[in-house]
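Got your viewer open? Load the model, switch to cartoon view, and let's walk through it stop by stop.

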Amino acid sequence: MYELDSTIENNVYSYQQVKNVLEKEGYALGGAWEYDHGYFDYKLANNGGYHFLRIPFHSVRGEIEQDAAVIRMDKPYLLTHRYQDDVDSYAESSVIQASFNQFQAPSEKDADIPSNYIEKGKVVLQNLEVLLTHLAD
């Protein structure tokens, strides 16, 4: 994990407005969201692992996915998940085995982030900061 300083940290927004803006830019609500917090993820690449810019947030009013929910942005960060290359090391192929292997855990959940993705993540975050500044207007 690589934390990034940002002007959006601690800012408060309407959840629905932020979600609409971010989804248009290619962000997705991460699958691990709860009623009171969540993450917007932007996939930077899937080269040598999955590289993401993650924008965490928590609810200050209402529950996530409710129309009136209000969220506070937390500190953005970059993360990389590396997956095992040898999913089928015995070269045994079957429909059942393939269906289980697709859900294989990453070999490194919090792998080192290559410098080119750190720079790309900073640029993507700067663009997001501009979009959210206009949202506050």
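Which way do strand 1 and strand 7 run relative to each other, parallel or antiparallel? Select residues 2-3 for strand 1 and residues 77-81 for strand 7. The two run antiparallel and are joined by two bridges. Show Glu3 as sticks and look across: its bridge partner in strand 7 is Tyr77.

Before going further, keep in mind that this is a predicted model. Colour it by pLDDT: the mean is 82, and 77% of the residues reach 70 or more. Among the elements, strand 6 (residues 70-73) has the highest mean pLDDT, 96, and helix 2 (residues 95-101) the lowest, 41. Over residues 86-109 the pLDDT is below 50, and beyond near neighbours in sequence that stretch has 20 contacts in the model. You may want to grey it out for the tour.

**The overall layout**

Zoom out. You should be able to count three helices and seven strands. Trace the chain from the N terminus and the elements come in the order β-β-α-β-β-β-β-β-α-α. Of the 137 residues, 32% are buried. Turn on a surface and you are looking at about 8,300 Å² of exposed area, with carbon and sulfur atoms supplying 47% of it. Among contacts between residues at least 6 apart in sequence, 63% join residues at least 24 apart.

**Stop one: strand 7**

Go back to residues 77-81 and show the side chains. In a regular strand, side chains alternate between the two faces of the sheet. Here Tyr77, Leu79 and His81 point one way, while Leu78 and Thr80 point the other. Five of the five residues of strand 7 are buried, so the strand is largely enclosed by the rest of the structure.

Now add strand 5, residues 50-61. Strand 5 runs antiparallel to strand 7, with five bridges between them. Find Tyr77 again: Arg54 stands opposite this residue.

**Stop two: strand 6 and its partners**

Keep strand 5 on screen and select strand 6. These two strands pair in the antiparallel sense over four bridges. For a landmark, pick Phe57, which stands opposite Met73 in strand 6.

Strand 6 also pairs with strand 2 (residues 12-14), again in the antiparallel sense, this time over three bridges. Click on Tyr13 and look for its bridge partner in strand 6, Ile71.

While you're here, select Arg61, which is found in strand 5. Is Arg61 buried or exposed? Its relative accessibility is 54%, so Arg61 counts as exposed. Not counting residues up to four places away in sequence, Arg61 touches Ala68, Ala69 and Val70. Try the distance tool on Arg61 and Ser14: they sit 47 residues apart in sequence and 9.4 Å apart in space, C-alpha to C-alpha.

**Stop three: the nonpolar core**

In soluble globular proteins, nonpolar side chains tend to be buried together. In this model the largest nonpolar core has 25 residues, and Phe40, Ile55 and Met73 touch the most other members. Helix 1 (15-24), strand 4 (37-45), strand 5, strand 6 and helix 3 (115-136) each supply at least two residues. Which element gives the most to this core? That is helix 3, with six residues.

Centre the view on Phe40. Leaving aside its neighbours within four places in sequence, Phe40 is in contact with a list of residues including Tyr15, Val18, Leu22, Leu53, Ile55, Phe57 and Ile71.

**Last stop: the rings**

Show the aromatic side chains alone. There are four aromatic pairs to find. In one of them, the rings of Tyr15 and Phe40 have their centres 6.1 Å apart and their planes at 20 degrees, so this pair is stacked. Tyr15 lies in helix 1 and Phe40 in strand 4, so the pair ties together parts that are 25 residues apart in sequence. Both residues are buried.

Next come Tyr27 and Tyr42, with ring centres 5.0 Å apart and planes at 50 degrees, so this pair is tilted. Tyr27 sits in the loop between helix 1 and strand 3 (28-29) and Tyr42 in strand 4, so the pair ties together parts 15 residues apart in sequence. At 5% relative accessibility, Tyr27 counts as buried.

To finish, select Tyr15, Phe40 and Phe57 together: ring pairs link them into a cluster.

Key: Residues are numbered from 1 along each chain as its sequence is written. This is a predicted model: local features need pLDDT of at least 70, side-chain atom pairs count only at pLDDT 80 or more; totals for chains, interfaces and linings use all residues. Side-chain values use heavy atoms; hydrogens and water are left out. Buried means under 20% relative accessible area, exposed over 50%, partly exposed in between (1.4 Å probe, protein chains only). Two strands pair if DSSP finds at least two bridges between them. Contact means heavy atoms within 4.5 Å. Accessible areas come from the Shrake-Rupley method with a 1.4 Å probe; for residues, only the protein chains shown count as cover. pLDDT is the predictor's confidence in each residue, from 0 to 100. A nonpolar core is a set of buried Ala, Val, Leu, Ile, Met, Phe, Trp, Tyr and Cys residues joined through side-chain atoms within 4.5 Å. Rings of Phe, Tyr and Trp (its six-membered ring) pair if their centres lie within 6.5 Å; planes under 30 degrees apart count as stacked, over 60 as edge-to-face and the rest as tilted.
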